[in-house]
Amino acid sequence: MVPSYRGGKVVVIGAGIIGVCAANALVDEGFSVKVVDPLEPGSPGQCSFGNAGGLSPGSCIPNSLPGIAGQVPGMLLDPDGPIGLRLFDLPHALPWLLRFLANSRLSRVRRISDGMIALNRLTLACYEPLVKEAGCEDLILHRGQLFAYENPNGPAGSALSIGMRRERGVKVEILDARQMRELEPAISTDYRAGVFLPEQGQCPNPGRLVAAIAKLAAAKGAVFTRHTVRSLVVQQGRVTGVATEGGVVDADKVVIAAGAFSSPFAKQVGVRVPLISERGYHIMLPNADTGLKVNVNAAERKFVAAPMEGGLRLSGTVEFARPKAKPNWRRADILLRQAAHMFPGADLGGMERWMGNRPGMPDSIPVIETAPRHDNVILAFGHGHQGLMGGSVTGRLIAELATGRSPSIDLSHFRSSRF
């Protein structure tokens, strides 16, 4: 069936999960779509590739919570802690970190939580028709999500986040050590309590998901170009395309979905936001046959263990550094020690390491809007740790903005003017 709407030419900057979902939604609306990115969709160089795979419609807890200001110094000083910051990168990261701490006020946390749940609650509903059409329904699993605590009173200490989830309609189950072991027998007996979210989902291969959705968009007419976008083309105050090393690509509309690399393009249309690269690391353990069924968040140690098609993936460490800085592989090696603790006796040989640039906002939610001064430019970046989760919904929102329809969710949470 050929869509009835004909909206002209759209260039999407970025072929990660946001870009490929947008490409599908835009093609379905009858736009002529070109997606420009130097990397192959779903390839290891993309941030989307390294995601932990969580697809959680109940995800609504910001990274910055009350009390975080007292915890950050200890995290930074702990060599095995979840946060890394090189001294020479402190001037680069400090303004962002101060904004991050400012968002820990309870009033801000509740407001941010409302924005997160508005975006994320539709993730599975929006992915399911996409993966069905793409023929990769095996990449969406409905198994739940577990937060595992070493402190048996840990769930009581998380009363704020548990209460915020329940207030927003998320089903939460509190597990004792026996119940948690029945759910996931492979986990160390050091973990003695759990919080289980039974309605959550997961993707066992984020890279393959991105590639499959890109292939679907291409089959429907979207064109993928392996070039680097150098700048927007602005003529007489209006964006008319993008300039790449291969030449200018004309456009009636431009979508900026370049993840951590979106700031320079946003600045060209007068939008300045505190976007930073939260460099994420993961390890893959191809021989660790633990029998793990669900994504497990180690609540105190701040990492995620996820069963993947290629083995066991552990992720969660963050490093504040400039995107082009060399990887600090010690950040990945920390995760190997965490794996040994959570899964005693597992075969941890054959480790593979990965690093990528997460597009981090200090309030844990992205920018999604039509650029205030340029009505033919759509901003869609800054999803941080939840890009895979937000991809399907953001793609739909981009198409709604491009067609001029009212967005299906309230976008006031995601305006750049909040900064």
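This short talk walks through two sheets, one pocket and a few salt bridges in a predicted model.

Hi everyone, thanks for coming. A word on ground rules before the tour. Because this is a predicted model, local features need pLDDT of at least 70 and side-chain atom pairs count only at pLDDT 80 or more, while totals for chains, interfaces and linings use all residues. Residues are numbered from 1 along each chain as its sequence is written, and side-chain values use heavy atoms, with hydrogens and water left out.

Let me begin with the six-stranded sheet. It is open, its pairing is mixed, and the strand order is β9-β2-β1-β13-β20-β19. When I say strand or helix, I mean a DSSP run numbered from the N terminus: H or I over at least four residues for a helix, E over at least two for a strand. Two strands pair if DSSP finds at least two bridges between them. At the edges stand β9 (223-225) and β19 (367-370); each has a single partner strand, so one side of each is left without a neighbour in the sheet. On average, neighbouring strands here are turned by 15 degrees against each other, direction ignored. Those angles run from 0 to 180 degrees between N-to-C directions, with axes as lines fitted to C-alpha atoms, for helices over the stretch in contact.

Looking inside that sheet, strand β1 (residues 9-13) runs parallel to strand β13 (residues 253-256), and four bridges join them. If you want a pair to click on, Ile13 has Ile256 as its bridge partner in β13. Over at the edge, β19 pairs with strand β20 (residues 377-381) in the antiparallel sense, again over four bridges. There, Val367 stands opposite Phe381 in β20. A hairpin of six residues makes the connection from β19 to β20.

Now the other sheet. Its three strands are ordered β10-β11-β12, and this open sheet has antiparallel pairing. Its edge strands, β10 (229-235) and β12 (247-250), each pair on one side only. Here the average turn between neighbouring strands is 35 degrees, direction ignored. β10 and strand β11 (residues 238-244) run antiparallel and are joined by six bridges; Val229, for instance, sits opposite Thr244 in β11. While you have strands on the screen, remember that side chains in a regular strand alternate between the two faces of the sheet.

On to the empty space. Rolling a probe the size of a water molecule over the atoms shows where such space is left. A pocket here is an open set of points on a 1 Å grid over the protein atoms alone, where a 1.4 Å probe fits, with protein on both sides within 12 Å along at least five of seven lines; lining residues have an atom within 4 Å of a point. The second largest pocket holds about 280 Å³, where volume is the space filled by probe spheres set on the points, and points are joined across faces, edges and corners. It has 15 lining residues, and the closest to its centre are Ala25, Asp28, Cys126, Leu130 and Arg396. Two or more lining residues come from each of α1 (17-28), α5 (123-134) and α12 (387-403). Which element gives the largest share of the lining? That is α12, with five residues. By type, the lining has six nonpolar, three polar and six charged residues; Ala, Val, Leu, Ile, Met, Phe, Trp, Tyr, Cys and Pro count as nonpolar, Asp, Glu, Lys and Arg as charged, and the others, Gly among them, as polar.

Last stop: salt bridges, of which the structure holds 18. The criterion is a side-chain nitrogen of Lys or Arg within 4 Å of a carboxyl oxygen of Asp or Glu. Arg168 and Asp114 form one of them, at 3.0 Å from N to O. Arg168 lies in the loop between α7 (159-167) and β6 (173-176) and Asp114 in helix α4 (residues 106-120), so this pair ties together parts 54 residues apart in sequence. Is Arg168 buried or exposed? At 14% relative accessibility it counts as buried, since buried means under 20% relative accessible area, exposed over 50%, and partly exposed in between (1.4 Å probe, protein chains only). Asp114 is partly exposed at 33%. Both residues belong to a salt-bridge network with Arg110 and Glu167.

Finally, Asp363 and Arg418 meet at 2.5 Å, N to O. Asp363 is in the loop between β18 and β19, and Arg418 in the segment after α12, 55 residues apart. Asp363 is buried at 2% relative accessibility, whereas Arg418, at 25%, is partly exposed. Thanks, everyone!
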